[in-house]
Amino acid sequence: MDTATIGTMGVRDELNDLRMSEKTVPLYEHVKRFIKEEVDPMSVEFHKLGEGRAERFSYAPGQLELLDAVKQKAKDQGLWNFFLPDAETGEGLPNLDYAYIAAELGKNSLASECMNCAAPDTGNMEVLERVGTKAQKDKWLKPLLEGEIRSCFAMTEPHTACSDARNVRTQAILKDGNWVINGEKYYASGAGDPRCKIMIVMVQTDPDAQSHQQQSQILVPMDTPGVEVLGPMHVFGEDDAPHGHMHIRFTDVTVPEENILLGVGRGFEISQLRLGPGRIHHCMRSIGAAEKALDLMLERGMSRDAFGQPLIKLGGNQEKVSRARIEIEACRLMVLKAAKAMDVLGNKEARVWISMVKAMVPEKVCKIIDDAIQMHGATGVSQWTPLARMYTSQRTLRLADGPDEVHHMVVGRNEIGRMGMKGMTKK
């Protein structure tokens with residue numbers, strides 16, 4: 001057996017070791033206690049205060065005070081910035097360990113923000129941490145790391161298919177030491193929040209360059225003249241206020257030349273930095289959402305009677321519960337494997353694993369939530385349970401960060417290439 005084969009087997013064995021590291025177990029247990037004792041009770045009061053507020057894209061009196069108090073407790077207890085692998089700015093966790101924690105965060109919609117691990121800030125912070133200049137980090141990364149402000153990422157455009165980022169047409173032209181930006185974006189998630197102070201915007205800076213070097217990413221403060229938030233895009237009829245997925249127009253928006261990230265034509269390169277971890281973070285949290293949906297399904301099915309017996313025993317509902325548990329465990333193993341691949345192989349080499357979970361997990365979780373809705377009857381699609389909002393969130397993930405089809409293309413192309421290499425070896 002040659003050295004290369006031994007090395008391959010060693011990597012394979014390492015990829016299959018999906019245990020949480022011993023040093024992270026106390027942190028994991030701490031996170032679970034904190035969510036149960038602090039986040040869950042606060043969430044009930046937070047949402048109650050927000051009901052019927054006059055201005056949709058604002059917070060009702062007392063809401064942010066509640067949230068900030070729990071955030072401060074989390075920070076004081078060291079439950080902060082888990083998603084960053086750099087020990088100086090984050091907890092220094094491997095992706096595998098963070099996957100276990102993120103699944104717990106996914107059980108409560110406010111848990112991630114309470115511990116400063118909420119999207120889209122996570123991706124933006126990772127980009128700034130990796131490629132930002134000192135000035136960019138001082139101005140934007142520091143307050144984001146402290147949880148003092150929020151941010152958004154603007155890439156998708158209403159008039160072109162941005163699943164292929166080469167189609168981005170919002171233009172940035174360098175003029176007299178400034179970038180002048182014109183164009184239109186929509187589904188800029190988080191841009192509705194009054195605490196959102198900075199955008200990372202994907203723009204076209206050189207239409208004559210090679211296709212993967214035409215785009216750049218530029219920092220644009222939300223209060224820059226010419227930035228016009230036209231309104232929220234609805235998701236299944238909901239505006240998701242105050243977070244929002246906003247429709248934004250850029251008219252002669254002018255920012256300094258030094259606001260560019262990494263350099264001209266390096267937008268695709270930056271996207272690869274953010275979309276590996278960012279995509280899998282969503283999938284990690286989705287496992288928690290699926291667990292929550294299954295719990296709600298069981299509680300409803302065991303507490304309601306129909307036709308002389310508990311709902312859980314009617315119409316194949318036990319099989320639905322069984323399938324939900326099986327799918328959750330299958331998804332969990334896939335997500336852990338993808339996280340471990342990132343730790344062992346690096347984000348670029350782990351891309352096929354990331355695409356596998358991105359294509360698989362939201363689809364399976366949608367089905368689990370849908371079955372939970374069905375168990376609740378009409379209540380399942382109402383405001384009396386979190387299930388309808390959970391469903392829309394998971395369904396949106398099948399489009400966010402690349403549609404299912406793109407991820408299946410990556411996996412399928414990899415398999416075709418693998419078989420092609422086998423054929424070449426046989427010849």
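**Burial, cores and helix 3 in a predicted model**

Tutor: In this predicted model, 50% of the 427 residues of the chain count as buried.

Student: How many helices and strands are there in the chain?

Tutor: The chain contains 12 helices and nine strands. Its radius of gyration is 22 Å, close to the 22 Å that the globule rule gives for 427 residues, so the chain is as compact as a globular protein of that length. The C-alpha trace spans about 75 × 70 × 40 Å along the principal axes.

Student: And the contacts, what share join residues at least 24 apart?

Tutor: That share is 73%, counted among contacts between residues at least 6 apart in sequence.

Student: Which residues have the most contacts inside the largest nonpolar core?

Tutor: They are Phe82, Tyr98, Leu105, Met115 and Val335, in a core of 93 residues. Helix 8 (residues 267-303) supplies the largest share of this core, 12 residues. Apart from it lies another core, of 23 residues, which includes Ala191, Val201, Val227 and Met246.

Student: Back to Met115, then. What does Met115 touch?

Tutor: Leaving aside residues up to four places away in sequence, Met115 touches Val31, Phe34, Ile35, Ala74, Leu79, Trp80, Asn81, Phe82 and Leu105.

Student: Ala74 belongs to helix 3; which residues of helix 3 are buried?

Tutor: Gln63, Leu67, Val70, Lys71 and Ala74 are buried there. Seen down the helix axis, the buried residues fall within an arc of 105 degrees, so they line one face of helix 3.

Student: What covers them, and what does the face turned away carry?

Tutor: The cover includes helix 2 (25-50) and helix 5 (111-114). The face turned away from the buried side carries the exposed residues Glu65 and Asp76.

Student: How far does helix 3 reach, and what is it followed by?

Tutor: Helix 3 (residues 63-76) has 14 residues and reaches 20 Å from its first C-alpha to its last, close to the 20 Å expected at 1.5 Å a residue. Helix 3 is followed by Gly78, whose phi is positive, near 80 degrees.

Student: New topic: how many disulfides does the structure hold?

Tutor: The structure holds zero disulfides. For Cys196, which is in no disulfide, the nearest cysteine sulfur is that of Cys152, 4.0 Å away, whereas a disulfide requires sulfur atoms within 2.5 Å.

Student: Is Cys196 buried or exposed?

Tutor: Cys196 counts as buried, because its relative accessibility is 6%.

Student: And Cys366, where is the nearest cysteine sulfur?

Tutor: The nearest is that of Cys331, 11 Å away, and Cys366 is in no disulfide. Cys366 has 5% relative accessibility and therefore counts as buried.

Note on methods
Residues numbered from 1 in each chain as written. Predicted model: local features only at pLDDT ≥ 70, side-chain atom pairs only at ≥ 80, totals over all residues. Heavy atoms only, no water. Core = buried A, V, L, I, M, F, W, Y, C linked by side-chain atoms within 4.5 Å. Buried < 20%, exposed > 50% of the residue type's maximum accessible area, 1.4 Å probe, protein only. Helix = DSSP H or I, 4+ residues; strand = E, 2+ residues; numbered from the N terminus. Contact = heavy atoms within 4.5 Å. Expected span 1.5 Å × (residues − 1). Arc of directions from axis to C-beta. Rg over C-alpha atoms; globule rule 2.2 N^0.38 Å.
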